[in-house]
Amino acid sequence: MTDGAATEAARVLVAADKFKGSLTAVQVAERVTAGLRRVVPGAAVETLPVADGGDGTVAAAVAAGFERREVRVTGPLGDELTAAYALRDGTAVVEMAEASGLQCLPEGVFAPLTATTYGTGELLRAALDAGARAIVLGVGGSATTDGGAGMLTALGARLLDAAGRPAGPGGGALRDLATADLSGLDTRLATTEIVLASDVDNPLTGPKGAAAVYGPQKGAAPEDVRTLDAALAHYATVLERAVGPGAADLALAPGAGAAGGIGYGALVGLGAGFRPGIEVMLDVLGFAPALARATLVITGEGSLDEQTLHGKAPAGVASAARAAGVEVVAVCGRLTLPPHALHRAGIARVYALTDLEPDPAVCMAQAGPLLERLAEDIAREKLTR
């Protein structure tokens with residue numbers, strides 16, 4: 001069989017994440033589909049853009065049929081901005097990066113001590129107002145290290161200093177926190193299932209905590225990291241006095257340190273349950289039935305590296321596909337994983353943009369056309385014979 005003729009009953013599922021800085025997950029799916037069909041015009045291709053809870057999560061939900069809802073909220077610097085969440089059949093997907101992410105900051109501007117998650121709380125309240133009774137809170141890409149204090153305040157909590165004044169915005173202000181009262185939290189939270197979806201399992205504080213590991217990415221100098229770590233530890237102590245010893249245990253729980261500690265705020269204040277982000281999103285997006293229709297899965301993201309193996313979207317897709325006995329190949333901008341690691345992850349082969357163009361800057365600028373060329377190679381090797 002030659003180019004233009006598909007192998008019998010071949011059905012391709014494109015379930016890839018974004019190429020950060022170059023292509024959204026939706027654009028990746030479009031480019032891969034275009035490349036496949038250039039070689040095999042009649043190829044049966046289904047697309048399901050995926051995300052792991054970080055930036056791009058709402059877009060993936062909308063691509064899967066959720067309704068996009070927009071609302072004005074408070075950004076990480078206190079200014080007003082427009083953020084979106086996704087809603088379908090009483091289930092909302094809320095992406096904290098939409099309201100409190102690095103993407104909300106002006107280029108080159110950071111506020112490690114004062115950035116707030118207040119807008120994420122406003123997004124959650126908007127989802128409740130819209131009738132959501134199950135909420136997936138995807139966290140990642142945050143500009144904040146406030147332990148979710150801003151989020152809880154937006155939902156009705158009272159966090160006060162020794163003078164009885166509301167604590168200021170950001171993680172730095174938590175060092176002055178004296179009392180916490182969560183009794184005013186929105187009562188609808190008690191009857192809403194909230195899932196904390198994250199690809200990291202860090203605790204709240206310590207050498208592997210929110211400030212130490214992720215603070216520098218948000219502009220925190222070494223002294224800021226020490227300040228934030230101590231402030232978060234104090235925050236946990238104050239919350240323990242307010243709600244009981246369980247708060248201390250939750251500070252050590254997987255995901256507590258996610259997105260500047262918003263995971264901790266969600267676990268303690270919202271009664272959220274933690275699940276790996278990609279597992280949650282595959283369920284929400286309807287991956288299982290799509291996988292059941294496929295004979296080949298194409299996944300991927302911008303960089304397939306060691307981090308990929310720790311809860312990123314391609315690893316989750318490959319794991320599910322391998323369990324179902326469906327072959328998986330991956331596309332990426334660059335590949336740094338050795339063959340044995342790919343095999344362990346369930347990925348049969350990787351097609352990287354750097355295979356076609358060794359200059360990373362050109363790969364970033366020309367990611368779309370290069371990705372189509374990779375998809376043509378996949379079609380020739382997997383869909384024709």
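Let me start with R349, which at 40% relative accessibility counts as partly exposed, and keep in mind throughout that what we are looking at is a predicted model. This arginine forms a salt bridge with E381, and the closest N and O atoms of the two side chains are 2.5 Å apart. R349 sits in strand β13, residues 349-352, whereas E381 belongs to helix α16, so the bridge ties together parts of the chain that are 32 residues apart in sequence. The glutamate partner, E381, is also partly exposed, with a relative accessible area of 42%. Beyond this pair, salt bridges that share partners join R31, R38, E372, E376, D377 and R380 into one network.

How many salt bridges does the structure hold? The count is 19, and I would like to walk you through two others. As general background, side chains of opposite charge can pair when their charged atoms come close. K312 forms a salt bridge with D199, and here the closest N and O atoms are 2.8 Å apart. Because K312 lies in the loop between β11 (296-304) and α12 (313-323), and D199 in the loop between β9 (193-198) and α6 (210-214), this pair ties together parts that are 113 residues apart in sequence.

The other one brings us to K382, which forms a salt bridge with E327 at a closest N to O separation of 2.7 Å. K382 is in helix α16, residues 367-383, and E327 is in strand β12, residues 327-335, so in this case the parts tied together are 55 residues apart in sequence. On accessibility, K382 counts as partly exposed at 29%, and E327 likewise counts as partly exposed, at 33%.

Let me turn to the aromatic residues. A search of the whole structure finds one aromatic pair. It is made by Y235 and Y264, whose ring centres are 5.9 Å apart and whose planes stand at 75 degrees, so the pair is edge-to-face. Since Y235 lies in helix α7 (residues 222-243) and Y264 in helix α9 (residues 258-269), the rings tie together parts that are 29 residues apart in sequence. Are these two tyrosines buried or exposed? Both Y235 and Y264 are buried.

Helix α7 deserves a closer look. It has 22 residues and reaches 32 Å from its first C-alpha to its last, which is close to the 32 Å expected at 1.5 Å a residue. The buried residues in this helix are D224, V225, L228, A231, L232, Y235, A236, V238 and L239. They cover an arc of only 165 degrees around the axis, and that puts them on the same side of α7. In general, an α-helix has 3.6 residues a turn, so residues three or four places apart point the same way.

What do the buried residues of α7 pack against? Their partners are α5 (149-154), β7 (158-161), β8 (177-181), α6, α8 (246-251) and α9. The face of α7 turned away from its buried side, by contrast, carries the exposed residues P222, E223, R226 and R241. Another residue found in helix α7 is A230, which counts as partly exposed at 47% relative accessibility. A230 and G172 are 58 residues apart in sequence, and their C-alpha atoms are 9.2 Å apart in space. After the helix comes G244, whose phi is positive, near 110 degrees.

That leads me to backbone angles, where the general background is that most residues other than glycine have a negative phi. D89, although not a glycine, has a positive phi, near 50 degrees. D89 is placed in the loop between β4 (80-88) and β5 (91-95), and at 77% relative accessibility this aspartate counts as exposed. A259 is also a residue other than glycine with a positive phi, of about 50 degrees. A259, however, lies in helix α9, and this alanine is buried, with a relative accessible area of 11%.

Finally, a word on the cysteines. The structure holds zero disulfides. C363 is in no disulfide, and the nearest cysteine sulfur, that of C332, is 9.6 Å away. C363 is buried, with a relative accessible area of 5%, and C104 counts as buried as well, at 18% relative accessibility.

Technical notes
Residues are numbered from 1 along each chain as its sequence is written. This is a predicted model: local features need pLDDT of at least 70, side-chain atom pairs count only at pLDDT 80 or more; totals for chains, interfaces and linings use all residues. Side-chain values use heavy atoms; hydrogens and water are left out. A salt bridge is a side-chain nitrogen of Lys or Arg within 4 Å of a carboxyl oxygen of Asp or Glu. Helices (H or I, at least four residues) and strands (E, at least two) are DSSP runs, numbered from the N terminus. Buried means under 20% relative accessible area, exposed over 50%, partly exposed in between (1.4 Å probe, protein chains only). Rings of Phe, Tyr and Trp (its six-membered ring) pair if their centres lie within 6.5 Å; planes under 30 degrees apart count as stacked, over 60 as edge-to-face and the rest as tilted. A disulfide is a pair of cysteine sulfur atoms within 2.5 Å. The expected span of a helix is 1.5 Å times one less than its number of residues. The arc is that of the directions from the helix axis to the C-beta atoms. Contact means heavy atoms within 4.5 Å.
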